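Biologist: Before I trust any labels, can we go through where they come from? Show me the model.

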Amino acid sequence: MEKKKIAFITLGCKVNMYDTEAMMELFQKKGYEIVEFDSFSDIYLINTCTVTNLGDKKSRQMIRRAKRINPNAIVVATGCYAQVAPEEVKKIEGINIIIGTKERANIVDIIEDYSNKANSSEILDTVTDIMKEKTFEELSVTNLKNHTRAYLKIQEGCNRFCSYCIIPFARGPVRSRMPEDVISEVKKLADNGFKEIVLAGIHVASYGVDLGNITLIDIIKKVHDIDGIERIRFSSIEPLVVTDKFLKELSKLPKVCDHFHLSLQSGCDRTLKRMNRRYTSEEYKTAVEKLRKVYPDVAVTTDIIVGFPDETDKDFEDSMAFAKDVRLAKIHVFPYSPKTGTGTKAAEYPNQIAPDIKNQRAKQMISVSNELNKEFLSKYIGKTMKVLFERNIGNNVYEGHTTNYITVHTESTEDISNKIIDVKIKEILKEETVSAEIVSK
């Protein structure tokens, strides 16, 4: 009997990517063949995103594309867009099943039950109120395609309710993964050859608040103790997490990498207040200074939203000036995207900024980011650094990353994938990327 085929596509964040990998494993265990999304398949699963209106649009496009490839396929929407707008998703031609951000652990059974029904032309909607969820849905990944860096989801949900952000409504309240389940998966990943772990979550700094007896630093320590794991990273944290106590504990853990994605969103205090962020620009700067004292080569990257409602020219200029002053290594720039009718307060704020102004400000902020990134990379020309090489990108050129997340390209006739090697940085090739020569293996 021929294997049933299933195709996946992931939109959005690293947590979504983890969820997709976990669902892939569930289907593989049941004997399904995973195929490329543009291939003919029996089932198409779109793991949707709703952080921006563009995410919604891409999610709709992928659902329609799947049905065009195979009109008889079962098309499934899961993820954040499916969770917050199931009625909208039902109207998309070609959709069969809507699952949202829970019940992913039961996804194989849900799809098989649907396909076995005599009348499976109706749309199945399993979406429930995510705000009532209290426990972490256990999904695990042990067989990633990339055998150097593994993303490990340790936390779900967010309790912050920033005025622009739909994620608490899409992912629900904070739920932490049980520490024994985290450690069990890390051990399996280490046994499978992974050297680098990224502890990921929707609001990873809140790990443990619902468990009562463990914090983010505690789980990092437990992962640090596992043989085979040589590098530890974690996803975005807020500046108020970076206390002297936190850094004192972190500095005792040499496997923790000197790259921190420190959430900013705006360098203007007036804007930060209206965003319902819980820190000031000065507190952010203090956190960066603390990091640099402990980690001299630290790369601090961030996200900045431009064109937030009522952001004046001066507010925007203050935000740009702050980014330059703090000397960030890289800025991910997002024009503000209003999410109307979803509970995000900023969508109802007066003085919404025109799209052309938002786009112009985005270009200016990206230019600032490019300047800062070039300045950051130039400090390492001529220096010797350790790189974990990940893959051959062609013509005997291998790509890897330093601990502070500089992308490095080097030539090697020998396969150096998944090896940590000393290299001497030669020159900047392009944004975020440098060339290097091998010093020792």
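Modeller: Axes here are lines fitted to C-alpha atoms, for helices over the stretch in contact, and angles run from 0 to 180 degrees between N-to-C directions. Helices (H or I, at least four residues) and strands (E, at least two) are DSSP runs, numbered from the N terminus. It's a predicted model, where local features need pLDDT of at least 70 and side-chain atom pairs count only at pLDDT 80 or more, while totals for chains, interfaces and linings use all residues. Residues are numbered from 1 along each chain as its sequence is written, and side-chain values use heavy atoms, leaving out hydrogens and water.

Biologist: Why are H11 and H12 called roughly parallel to each other?

Modeller: H11 (residues 281-294) packs against H12 (residues 313-326) at about 15 degrees, with the axes 11 Å apart. Angles under 35 degrees count as roughly parallel, so that label fits H11 and H12.

Biologist: Which residues of H11 and H12 make the contact?

Modeller: Contact means heavy atoms within 4.5 Å. H11 brings Ser281, Tyr284, Lys285, Val288 and Arg292, and H12 brings Phe322, Asp325 and Val326.

Biologist: What makes S11 and S13 edge strands?

Modeller: The open sheet has three strands, ordered S11-S12-S13 with parallel pairing. S11 (259-261) and S13 (330-335) each have a single partner strand, so one side of each lacks a neighbour in the sheet.

Biologist: How do you know that S11 is joined to S12?

Modeller: Two strands pair if DSSP finds at least two bridges between them. Three bridges join S11 to S12 (residues 299-306), so they pass that test. Histidine 259 stands opposite alanine 299 in S12.

Terms used. Parallel < 35°, antiparallel > 145°, perpendicular 65-115°, else oblique.
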